[in-house]
Amino acid sequence: MKFTLSWLKTYLDTDAELNEISETLTAIGLEVEDIHDPTEELKPFVIARIEKAEQHPNADKLRVCTVNNGTETIQVVCGAPNAVTGLVGAFAPSGCTIPTNGLKLKPTNIRGVDSNGMMCSERELGLGDDHDGIIDLPKDAPVGTSFAEYMKLNDPVIEIAITPNHQDALGVYGIARDLAAAGLGTLKVADTSKVDGKFESPIKVSIENTDACHVFAGRYIRGVKNGPSPEWMQRRLISLGMKPISALVDITNFMTMDYGRPLHVFDADNIKGNLNVRLSKSGETLVALDDKEYTFDDEMCIIEDDEAINSIGGVMGGADSGTYETTTNVFLECAWFDPIRTAMTGRKLGIESDARYRFERGVDPATVEDGIEIATRLILDMCGGEPSDVTLTGKAPTISKTLSMRPERVRELGGVDIEKAEVIDILERLHFAVEDKGATLDVTTPSWRCDIDREPDLVEEVLRIHGYDKINVEPLPHSSREIVTGLSPLQRRIRTAKRTAAGRGLREAVTWSFVPSDHAKLFGDLDPNMVLDNPVSSDLDAMRPNLLPNLITAAGRNVDRGNKNIALFEAGNQFSSDTPEGQHFVLAGIRRGQNHERHWQKAPNDVDVYDAKADAVTILNAIGVNASTAQVVAEAPAWYHPGRSGVIRLGPKNIMAYFGEIHPAILKSLDVEGPLVAFEIMVGNMPLPRAKAGNSRGALKASDFQAVERDFAFVVKEDMPSEQIIKVIKSVDKKLIDNISVFDVYQGKGIDEGEKSIAVNVRLQPMDKTMTDEEIEEVRQKIIATVEKKAGGTLR
Amino acid sequence: MQDLQSLETEITANLAGAADLDAVENIRIAELGKKGRVSLLMRELGKMTPEEKKEFGPKLNQLKNTLNDAVQSRKDSLETELLNKKLQSESVDITLSAAETDLGSIHPITQVMDEVTEIFTEMGFSVAEGPEIEEDFYNFTALNIPEEHPARQMHDTFYFPEDEEGNRKVLRTHTSPMQIRTMLAGEPPYRIIAPGRTYRNDSDATHTPMFHQVEALVIDKDIHMGHLKWCIEEFCKKFYERDDIKIRFRPSYFPFTEPSAEVDIGCAFEDGEILIGEGDDWLEIMGCGMVNERVLENVNLDPSEYQGFAFGLGLDRAAMLKWGIPDLRDFFAADLRWLKHYGFQALDIPSLSTRTSVVRGSK
């Protein structure tokens, strides 16, 4: 909502400076977003006369002007066709900035002729669209004086944000009323006295559906003469960025902005018969003022004459319903349309208009009868004519309510102690009627405050006028019952997982929860319910079923920027359905390229499945999941390389992680070059550790006896997982065998086709005595026999 | 018998002239070995008279000890020399480096969430989480935003396809549905924060279709706006690590709070950068208010018994302000250059004991 200071002062008698007005507006909930003072911007611009305009020696379309700015004469090169000797206009000296384009003027030389400053067009100064020529002022305009002052532009434009509950402040009058209540001056009450009608309106109004249109005040005014509106009204409309059109149109726009009262002026000669207000029938259409055709359903409020639909009630008039230069008889409409229906109609038809904006928030019903008198007076003043009686159909709704209020609620809810007398005073200044019932107050709301219907609303009214700054800061008391604080075990686990991933050299990314449908389909079936009805763009249309596609494409973008080696992870939700259960918290990561840059000491390696597995296992261990007790099977989903990927799981349904090389076909579809490996950890799905009693870790049981290591090399079938051999060896003596590690895997010369050699180191740790050579040999033989029996391996 | 003094002089000179350990060893054998000159002299002691023995015995012993020490000393110095030579030959170019593995990093969004969590945990809050694909009821209706309410137009909602009953799920437009989920799930009092992803169908220089918020909800028997104000002031001081921060509350409107306020923070705008805690300008940072009675009724709480406040803070913006990150859109681009510049070390875990704090009254 925009208005100028002088406009506000037509309703507010105040000595307050602009700054105080601005601060008060914000303090009472009418937040000032911008104050724009044209005088400030236009300060350097003075009125100047072109003493002499001559043809530029080197350019056909340019003129060399000698300009008198009141103190000196300056040479200016000008291209405007109307730059002629004797013109008086607005001069911008060198050094000043053109407000509309930010251009800073400097002394220059145009085709061999010096030029200092410029003569401005309307558009350059933000005064209009005219750019055909420079501003042409009356010849008697005083040369050397401020252009802004001469044009009466010294009127700051104030722009405030209006919250949806403050429909009362959608007109300058309402804003003045609120400021007066805040003690910033006195409200100058609008003149709403009745204008005597000279005849009975020949146009009658009927309302079929009074739920949609409660009341309709109409007035016929004959013999008007439409023309431009007076300068003061044009100036106000221009200050809001509206274009003055004609007196009759300007008056309706002005009434909307000034009094918050949308109304409509019909050319009465275009109305066939009488007006009727009813609900639309499905399929009916109207071409509205914006020249677009709208098709109605059967829920919209329309106004028709005996032959056709004329306008959409509360939203927009029809293309033929307006007034013209030639209009001589008008019919004035001032009605009250139902807020909800207006909102729904506007939304369904996609029409945003000043009328809809106000009606859907609830226009003050009292302005139906007041508004038509104010508008009539404006029309008679500007266009002459003779008014009829007012035809009033229906009844204005009563939205005033009487609420019971406990004055102490201001303290209990608002946290500031305000005496009952002051509570009453503030409410009365806001035009609430207050009846003191002793312990409570009966508070009746004014007709323009449809938003207020409960006690906390009244508390807010008192608080905002008293001042939110006076609310005392008070430390939060202890909870009335003991409550749990801090992070849940899962939240702690997520934090640890992320920071472990970062500690492994992966960089955390946050990517969209959306993916292109095409990408989603690469990672499983795409549920059509996971595709947005209204995506922000077609490539962000589906909820991501997996974290990897965004990470992989991010890797691709980074490769394009010259980063070859990339390690990224993300922790967030992926979606399998639209229910809370279909949202899964996952930490996924990718590595692309090589494990480090080329180096003099050691050659870098391509990232491989084992890098991804190491990431997964380390993070699992860090979050308290013992990955060594889990199964590792080669059953990763289809987006992984079938032979170079795996699943870490507790059971077929209890998946902890996937890892592996990404399938080359997936990389191709995502247009990213490998090598690229990935892992996914189902952080949200894993069982949490059982709650232990206390934090004690128990005593450390370390052995003081010598540990013994023995190496073995077994020849086994080439598809035998090493994990299997480790398990078999471990089974020989779970207590004594402390560690088993694979230190060599070999295929080739000396080993038959289809077989491989696996070399393991086994560490024996006795707990009660040092082992003798015979005892060690006994275990060694047992290991060899067991591997042979259970894994088909022979000692090499 | 040779003059012992001249013998000592001769052998000592020979040792000093020995070029390497082998030469020293040869001298040792030649002089002190079984058949060495000194050993032969020792042997001759047997043939001497007791008087002679008494005279030569100690002198010979002393000579033997002196020579043994001289041999050891020469050996030591030759060994040291040898080691020094070896070490000299082993020097490397220490300006070369080992292969570096890239450091990982934590995204500013995670960092800001962890910081916020730390601050509110200390104030006695717990952390709640909920679905990002939300039902209309939780996102709008229960929060006192009916279908036709103008406030719905301020939310550019992402919708999913209608189900058989004509219901459409939405992507939550704010974290406020967590107020409803929290209050429906357990008994009052409540004191929670709920950080998470939120979505609005909006994309321009300062808006992204996905962003992050943290919701706070405190419901108890006697909570009022003074407590709300305290809570937000404390948060801002701790988060921005300044005790002299200016906070402004001004009336506003949200369907789910009444009375409602917006919170501005004092700042200065300088050269395109926003300096928190400086200057005379204001920057809006959050919306808040006392939970609307209708919302309490929607979750079956009696407003005459329970009341409290809620607020919602944009986390992306908080991170931008705190760390001087200019562009919101870059948060979600996963550009390594950006992640390196704005990311945090894995071990940089926010905690109240490690942050800058100004003790009140210390100036």
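Visitor: In this predicted model, what makes strand S13 and strand S16 of chain A count as paired?

Guide: Strand S13 (residues 205-207) and strand S16 (residues 275-279) of chain A are joined in the parallel sense over 3 bridges, and since pairing asks for at least two bridges, the two strands qualify; within this pairing, A:Ile207 has A:Val277 of S16(A) as its bridge partner.

Visitor: How do you know that S16(A) also pairs with strand S19 of chain A, and in which sense, parallel or antiparallel?

Guide: S16(A) and strand S19 (residues 301-304) share 4 bridges in the antiparallel sense, which satisfies the requirement of at least two, and in this arrangement A:Arg278 stands opposite A:Ile302 of S19(A).

Visitor: Why is A:Pro397 called partly exposed?

Guide: A:Pro397 has 17 C-beta neighbours inside 10 Å, and because a buried residue needs 20 or more while an exposed one has 12 or fewer, the count for A:Pro397 leads to the label partly exposed. This proline sits in the loop between strand S23 (386-394) and strand S24 (402-405) of chain A.

Visitor: Which residues does A:Pro397 touch, leaving aside those up to four places away in sequence?

Guide: A:Pro397 touches A:His214, A:Trp336 and A:Pro365; the C-alpha atoms of A:Pro397 and A:His214 are separated by 6.6 Å, although the two residues are 183 residues apart along the chain.

Visitor: What makes chain B, with its 12 helices and 10 strands, more spread out than a compact globule?

Guide: The radius of gyration of chain B is 42 Å, whereas the globule rule gives 21 Å for 363 residues, so chain B is more spread out than a compact globule. Along the principal axes, its C-alpha atoms fill a box of roughly 130 × 50 × 40 Å.

Methods:
Residues numbered from 1 in each chain as written. Chains lettered and ligands numbered in written order. Predicted model: local features only at pLDDT ≥ 70, side-chain atom pairs only at ≥ 80, totals over all residues. Rg over C-alpha atoms; globule rule 2.2 N^0.38 Å. Contact = placed C-beta atoms within 7 Å.
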